[in-house]
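Student: I've just opened this one and don't know my way around yet. Could we go through it together?
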Amino acid sequence: MASSSPYPILLSLFLVFICGVSAQTAPAPAPSGPLNFTGILDKNGQYTYFLQLLAQTQVGSQVQTQLKTTTEGFTVFAPTDNAFNNLKPGTVNNLDPQQKVQLVLYHVIPKYYSLNDLQFVSNPVRTQAGQDFGLNVTGLNNQVNVSSGVVETQINNALYQKKPLAIYQADKVLLPEEFFEAKSPAAAPSPATKKSSTGSKSNSRASATADEPASADNSGSTGRNMGLGFVVGLALACMGFLS
């Protein structure tokens, strides 16, 4: 009776051993870390000023917190350092604390939009700065332009684009039109009022000037009448004396 070959058994044991070792040594898939909004900007560089404003106004931490629960997501237009450097001196520093917060929030849309989505949005697009702080976004042939009414810039570089967050490079700071609306002076009189006031003064002076000669003429006329009466009276007296 021929003995069975031990090779199939040994081969099976070897395969079982290899599979067991592989299962123990294979690394487990690394859990994805939390989405870091400001970390993305910091990693890409050239966003120092915007990061400073995000920290100063605490908008960065607010967006980071809301990213954990939002269902709509966020779209952020991040101005570069060159964009801030090209502003007129004092443009940002002269803003009060509330305006600085509004300026940063004006660059945040409370909804995720891919570059393709931005070409078909309805204007004005509401921002986190409030109902009155909207942006006009237009798209044509895969080119997206964003306008605040004061500034317009082209958007074509996505720093991050995966729901719930899209971050796009902005080569200009989007200045809200509301910051530059002319305020009507409350105390300053209107030109019409000034003209009317000037006209009234002129008329008053003219009336006074016109009245003065009239008084002088009346006094002269009265004097002449009195002199004529005196002469007539004297003549009558002389006639009575002669008769």
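Student: Which helix holds Gln98?

Tutor: Keep in mind that we're looking at a predicted model. Residues 97-105 make up one helix, and Gln98 falls inside that range. So the place of Gln98 is helix H6.

Student: Is Gln98 buried or exposed?

Tutor: Its relative accessibility comes to 56%. The cut-off for that label is over 50%. Because of that 56%, Gln98 counts as exposed.

Student: At the start of H6, which residue's side-chain oxygen reaches to the backbone nitrogen of Gln98?

Tutor: Look at the start of the helix, where a side-chain oxygen points at that backbone nitrogen, coming within 3.1 Å. Gln98 also has Thr57 at 8.8 Å, C-alpha to C-alpha, though the two are 41 residues apart in sequence. The oxygen at the start of H6 belongs to Asp96.

Student: What do the buried residues of H6 pack against?

Tutor: H6 has its buried side too: Lys100, Gln102, Leu103, Val104 and Leu105 are buried. The partners of these buried residues include helices and strands. They are helix H3 (48-57), helix H4 (59-66), strand S2 (108-109), strand S3 (125-127) and S4.

Student: Let's try another glutamine. Is Gln169 buried or exposed?

Tutor: Gln169 sits in strand S8, which runs over residues 165-170. Its relative accessible area is 15%, and the limit for that class is under 20%. So Gln169 is buried.

Student: Which side chain is joined to that of Gln169 by a polar contact of 2.9 Å?

Tutor: Gln169 has several contacts beyond its neighbours in sequence, among them Gln46, Ala78, Thr80 and Ile155. One polar contact, with the side chain of Tyr47, spans 3.5 Å. The polar contact of 2.9 Å goes to the side chain of Asn157.

Student: How are the rings of Phe133 and Phe179 arranged?

Tutor: The count of aromatic pairs comes to 4. For Phe133 and Phe179, the ring centres are 6.3 Å apart and the planes meet at 75 degrees. Planes over 60 degrees apart get a particular label, so this pair is edge-to-face.

Student: How many residues apart in sequence are the parts that this pair ties together?

Tutor: Phe133 belongs to strand S4 (residues 130-140), while Phe179 is in the loop between S8 and helix H8 (191-242). Both Phe133 and Phe179 are buried, and together with Tyr106 they form one aromatic cluster. The parts that the pair ties together are 46 residues apart in sequence.

Student: Now for the empty space. Which element gives the largest share of the lining of the largest pocket?

Tutor: The largest pocket holds about 260 Å³ of space. Of its 13 lining residues, the closest to the centre are Tyr49, Leu53, Phe84, Val92 and Asn93. Two elements give two or more residues to the lining, H3 and helix H5 (81-85). The largest share, 4 residues, comes from H3.

Student: How many charged residues are in that lining?

Tutor: Split the lining of the largest pocket by class. There are 5 nonpolar and 6 polar residues, and the charged ones number 2.

Student: Last one: what percentage of the chain's residues is buried?

Tutor: The chain has 8 helices and 8 strands. Among contacts with a separation of 6 or more, 64% are between residues 24 or more positions apart. Out of 243 residues, the buried share is 29%.

Note on methods
Residues numbered from 1 in each chain as written. Predicted model: local features only at pLDDT ≥ 70, side-chain atom pairs only at ≥ 80, totals over all residues. Heavy atoms only, no water. Buried < 20%, exposed > 50% of the residue type's maximum accessible area, 1.4 Å probe, protein only. Polar contact = N/O pair within 3.5 Å; in protein donor to acceptor, adjacent residues only side chain to side chain. Contact = heavy atoms within 4.5 Å. Phe/Tyr/Trp six-rings, centres within 6.5 Å; stacked < 30°, edge-to-face > 60°. 1 Å grid on protein atoms, 1.4 Å probe; cavity = no way out; pocket = protein on both sides within 12 Å on 5 of 7 lines; lining within 4 Å. Points joined across faces, edges and corners; volume = space filled by probe spheres on them. Nonpolar A, V, L, I, M, F, W, Y, C, P; charged D, E, K, R; others polar. Lists of a residue's contacts leave out its neighbours within four places in sequence.
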